[in-house]
Amino acid sequence: MSRTIAILTGGGDCPGLNAVIRGVVRSATLTRDWRVIGIEDGFDGLVGTPRWRELTLASVRGILPRGGTILGTSNRGNPLAYPVEENGETRLVDLSDQVVKNFHDLGVEALIAVGGDGTLKIARALQEKGVPMVGVPKTIDNDLRGTDVTFGYNTAVNIVTEALDRLHSTAESHQRVMVVEVMGRDAGWIGLEAGLAGSADVILIPEIPFDMTAVCDAIEARKARGSKFSIVVAAEGAFPIAGQKVVQLTGSENLGVERLGGVGAFVADEISRLLHVETRVVVLGHVQRGGTPSPFDRILGSRFGVKAVELIEQKRYGRMVSLQGRQVSDVDIIDAVDSLNLVDPDGDLVRTAEALGVMLGRAAA
Ligand code: F6P
């Protein structure tokens with residue numbers, strides 16, 4: 001075995017992570033005879049005593065249809081601001097030098113970091129400190145720049161669409177308004193695309209602050225047209241005009257990561273208060289991230305894994321694999337993390353939705 005490479009999965013899990021791991025291990029070992037090790041629990045596995053394991057063909061056998069990540073992950077383990085408990089208090093400490101040393105002590109040539117915005121920012125910072133890095137874009141939210149799409153997103157849209165199809169029949173039978181809260185903290189891609197595919201009547205996304213009166217008017221207008229039920233999709237990051245995102249835990253209460261949730265209940269309460277109709281709230285939550293990846297995400301994850309190994313072979317470090325059109329290519333990691341990929345409020349998808357009569361929460365002109 002000539003070369004050793006490592007892979008880790010960081011941030012929230014997402015369907016397709018195992019496809020990437022398998023793609024890396026199979027292409028590195030079968031076609032190059034390289035050794036691959038897996039760092040456990042994201043960058044956490046390089047803090048303190050490193051936690052890692054050999055990844056062989058046997059370790060990746062049968063994992064393609066499995067959700068989650070066989071390596072574990074963490075969305076709290078930023079080594080540049082690592083939470084350390086001292087005298088009952090939590091301090092954030094920069095442990096990046098320790099992580100860099102641990103990495104080099106493992107005798108590894110390069111690290112493949114599979115993750116979203118947070119993980120890739122850490123990867124970029126560690127690359128500056130001398131860890132040769134290749135990034136792979138992951139997130140169900142699809143909010144990363146530098147790639148047309150992240151893996152995991154397609155599966156999440158399928159899950160939400162299926163839920164919307166199921167909710168239609170019960171909403172119709174009971175003549176209720178069903179409010180479905182979906183993930184999407186900054187970007188409304190899941191809500192918008194699944195809402196379109198699942199024929200939602202109202203779709204609320206973070207990019208378009210919503211007007212409750214306009215939402216209620218749309219439900220009333222629908223009723224006047226003979227539809228006595230409505231389906232409202234609300235991305236967790238959606239918020240009312242002159243209001244704020246609904247936060248369950250602030251960053252300081254939750255180790256630097258704001259936990260969103262509750263906009264669905266807010267919208268449902270407002271609709272019943274203003275229209276005196278029966279409402280129900282369904283929070284799809286982590287169901288959207290769990291379970292088997294769609295065929296699209298299995299294939300995209302596999303392609304990304306294979307491409308990541310190619311980049312290491314060519315010593316093109318600091319790059320992130322990316323899908324551009326139908327082609328897998330690569331971009332500088334910085335291009336993916338310097339801003340978010342958000343829904344364009346005046347873009348084609350939004351215009352299509354509005355032309356179809358879907359209410360996106362805008363106040364009447
Ligand atoms: O970034 C993906 C995501 O699913 C967001 O949509 C959501 O806000 C967040 O992760 C939830 O993370 P956690 O697993 O920490 O609750």
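# Exercises on loops and pockets

Arg145 is found in the loop between β7 and α4. The structure is a predicted model, and each exercise below is worked through on it.

## Exercise 1: Arg145

Task: Decide whether Arg145 is buried, partly exposed or exposed, and find which residues it touches beyond those up to four places away in sequence.

Solution: Begin with the accessibility: Arg145 has a relative accessibility of 35%, and because partly exposed covers the range between under 20% and over 50%, Arg145 counts as partly exposed. Next come the contacts, where, with residues up to four places away in sequence not counted, Arg145 touches Met320, Asp335, Ala336, Ser339, Leu340 and Asn341. Of these partners, Asp335 is 190 residues from Arg145 in sequence, while the C-alpha atoms of the two are 6.7 Å apart in space. Finally, a polar atom of the Arg145 side chain lies 3.2 Å from the backbone oxygen of Leu340.

## Exercise 2: Thr147

Task: Work out whether Thr147 is buried or exposed, and which backbone nitrogen its side chain reaches.

Solution: Thr147 is placed in the loop between β7 (133-137) and α4 (153-174). Its relative accessibility is 7%, so Thr147 counts as buried, given that buried means under 20%. Leaving aside neighbours within four places in sequence, Thr147 is in contact with Pro137, Phe304, Met320, Ser322 and Leu323. To the last of these residues there is also a polar approach, since the side chain of Thr147 reaches the backbone nitrogen of Leu323 at 2.9 Å.

## Exercise 3: Positive phi angles

Task: Locate Asn87 in the hairpin of β4 and β5, and state what phi it takes there.

Solution: First establish the pairing: β4 and β5 run together in the antiparallel sense, over five bridges, and one of the paired residues is Glu85, whose bridge partner in β5 is Thr90. The hairpin has two residues between its strands, and Asn87 is in this loop, between β4 (82-86) and β5 (89-93). Although Asn87 is not a glycine, its phi is positive, at about 50 degrees. With a relative accessibility of 80%, Asn87 counts as exposed.

A second case can be set beside this one. Lys315, in the loop between α8 (295-313) and β14 (319-324), has a positive phi near 55 degrees and is likewise a residue other than glycine. Lys315 is exposed, its relative accessible area being 53%.

## Exercise 4: The largest pocket

Task: Describe the lining of the largest pocket, and find which element gives the most to it.

Solution: The largest pocket has a volume of about 1300 Å³. Its lining consists of 47 residues, and those nearest its centre are Gly12, Asn75, Arg76, Arg185 and Val257. By class, the lining has 13 nonpolar, 18 polar and 16 charged residues. Turning to the elements, α3 (117-128), β8 (177-182) and β12 (259-260) each supply at least two lining residues, and α3 gives the most, with five.

## Exercise 5: The second largest pocket

Task: Find which helix supplies the largest share of the lining of the second largest pocket.

Solution: The second largest pocket has a volume of about 200 Å³ and is lined by 16 residues, of which Ala200, Asp201, Leu356, Gly357 and Val358 lie nearest its centre. Both α5 (189-197) and α6 (212-224) supply at least two residues of this lining, and the largest share, four residues, comes from α6. By class, this lining divides into nine nonpolar, four polar and three charged residues.

Key: Residues are numbered from 1 along each chain as its sequence is written. This is a predicted model: local features need pLDDT of at least 70, side-chain atom pairs count only at pLDDT 80 or more; totals for chains, interfaces and linings use all residues. Side-chain values use heavy atoms; hydrogens and water are left out. On a 1 Å grid over the protein atoms alone, a cavity is a set of points where a 1.4 Å probe fits but cannot get out, and a pocket is an open set with protein on both sides within 12 Å along at least five of seven lines; lining residues have an atom within 4 Å of a point. Grid points are joined across faces, edges and corners, and a volume is the space filled by probe spheres set on the points. Ala, Val, Leu, Ile, Met, Phe, Trp, Tyr, Cys and Pro count as nonpolar, Asp, Glu, Lys and Arg as charged, and the others, Gly among them, as polar. Buried means under 20% relative accessible area, exposed over 50%, partly exposed in between (1.4 Å probe, protein chains only). A polar contact is a pair of N or O atoms within 3.5 Å; within protein, one must be able to donate a hydrogen and the other to accept it, and residues adjacent in sequence count only if both atoms are side-chain atoms. Contact means heavy atoms within 4.5 Å. Two strands pair if DSSP finds at least two bridges between them.
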